[in-house]
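I opened this notebook to record what I looked up in one protein model. The entries follow the order in which I consulted the structure.

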Amino acid sequence: MLREFETTFILQPEITEEGAKAINERLDSILERHGAHRLLCDDDGKRRLAFEIHHFQKGHYFTLHYFDGGKVVPELERALRLDESVLRFLTVRVADEVGDVEERKRLAAEEEKLRAERAAERAALEAQEARDREANGGRDRDDDRDDRDRDRDRDRDDRGRGRERDDDASDEDEEE
């Protein structure tokens, strides 16, 4: 009985494309050795982590989709655990039983093509953001967001103080 699994893993953000490709090839060889069927490997790009892991605030996300009876999962996780550039990983069983394997493979090939197009768009956007950061003197969007949050908090505080002053003035009027 074939089951569908997906393993999501986070790599260090400064890993090169060649390094990420080597890790993916190593995982593909493990799948092949154990007779598992690889569907696709999705590159989700670099994202900010919810919390700091090994002093990293960002990570490069990948999701590997595959069919297997379940015997390859421990081997994949062992390989990920031993690799120093892997920050975290998680394997999830997506489907207990896969009906039409060939149809699922065809859908996965279409999905991989679509995701590759999205990755190219994302890379172009990241390159544009890098150019914009250089034009802004090294500031990125997170810095701008922090500035907006600080301005909003300051404005809120000023409005609160203004109300206090108005209340003080009305108290003085009542005393007269």
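The entries below go from the overall fold to the strands, the turn, two residues with polar contacts, a pocket and a helix residue.

**Entry 1. Overall make-up**

I note at the outset that the model is predicted. I counted the secondary structure and found four helices and four strands. Reading from the N terminus, I wrote the order of elements as β-α-β-β-α-β-α-α. I then looked up burial for the protein, which has 176 residues, and recorded that 28% of them are buried. For contacts between residues at least 6 apart in sequence, I found that 75% join residues at least 24 apart.

**Entry 2. Strand pairing**

I next asked which strands pair with β1, and in what sense. Strand β1 covers residues 3-11. I found β1 antiparallel to β3, with nine bridges joining the two. Strand β4, residues 86-95, also pairs with β1 in the antiparallel sense, over eight bridges. On the β4 side I noted one bridge pair, Leu-11 with Val-86. On the β3 side I noted Glu-4, whose bridge partner is Phe-67.

I then turned to β2 and β3, which span residues 37-53 and 56-68. Their pairing is antiparallel and runs over eleven bridges. Within this pairing, I located Leu-40 opposite His-65 of β3.

**Entry 3. The turn between β2 and β3**

I looked at how β2 passes into β3 and recorded a hairpin with two residues between the strands. Which residues of this loop have a positive phi? His-54, although not a glycine, has a positive phi of about 50 degrees. His-55, also a residue other than glycine, has a positive phi near 70 degrees. I confirmed that His-54 lies in the loop between β2 and β3, and that His-55 lies in that loop too.

I checked accessibility for both residues. His-54 has a relative accessible area of 55% and is therefore exposed, since the cut-off for exposed is over 50%. His-55 stands at 72% relative accessibility, so I entered it as exposed.

**Entry 4. Glu-4**

I returned to Glu-4 in strand β1 and asked whether this residue is buried or exposed. Glu-4 is buried because its relative accessible area is 6%, and buried means under 20%. I then looked for a polar partner of its side chain and found Arg-104, at 2.7 Å. Leaving aside neighbours within four places in sequence, I listed the contacts of Glu-4; among them are Leu-39, Tyr-66, Phe-67, Val-92, Val-94 and Arg-104.

**Entry 5. His-60**

I placed His-60 in strand β3. Its relative accessible area is 12%, so I recorded His-60 as buried. Which side chain makes a polar contact with that of His-60? I found Asp-43, with a polar contact of 2.8 Å between the two side chains. Beyond neighbours within four places in sequence, His-60 is in contact with Phe-9, Ile-10, Leu-11, Gln-12, Pro-13, Asp-43, Gly-45 and Lys-46.

**Entry 6. The second largest pocket**

I looked up the second largest pocket and noted a volume of about 460 Å³. Its lining has 17 residues, and those nearest its centre are Glu-17, Ala-20, Asp-43, His-60 and Phe-62. I observe for my own reference that Asp-43 and His-60, listed here, are the pair joined by the polar contact of 2.8 Å.

I asked which elements supply the lining with at least two residues each. I found α1 (residues 17-33), β2, β3 and α3. The element that gives the most is β2, with five residues. Sorted by class, the lining holds six nonpolar, four polar and seven charged residues.

**Entry 7. Leu-107**

Last, I looked up Leu-107, which I placed in helix α3, residues 101-135. At 36% relative accessibility, Leu-107 counts as partly exposed, because the value falls between the cut-offs of 20% and 50%. I then took the separation of its C-alpha atom from that of Leu-39 and recorded 9.0 Å. The two residues are 68 apart along the chain. I add that Leu-39 also appears among the contacts of Glu-4.

Key. Residues are numbered from 1 along each chain as its sequence is written. This is a predicted model: local features need pLDDT of at least 70, side-chain atom pairs count only at pLDDT 80 or more; totals for chains, interfaces and linings use all residues. Side-chain values use heavy atoms; hydrogens and water are left out. Buried means under 20% relative accessible area, exposed over 50%, partly exposed in between (1.4 Å probe, protein chains only). On a 1 Å grid over the protein atoms alone, a cavity is a set of points where a 1.4 Å probe fits but cannot get out, and a pocket is an open set with protein on both sides within 12 Å along at least five of seven lines; lining residues have an atom within 4 Å of a point. Grid points are joined across faces, edges and corners, and a volume is the space filled by probe spheres set on the points. Ala, Val, Leu, Ile, Met, Phe, Trp, Tyr, Cys and Pro count as nonpolar, Asp, Glu, Lys and Arg as charged, and the others, Gly among them, as polar. Two strands pair if DSSP finds at least two bridges between them. A polar contact is a pair of N or O atoms within 3.5 Å; within protein, one must be able to donate a hydrogen and the other to accept it, and residues adjacent in sequence count only if both atoms are side-chain atoms. Contact means heavy atoms within 4.5 Å.
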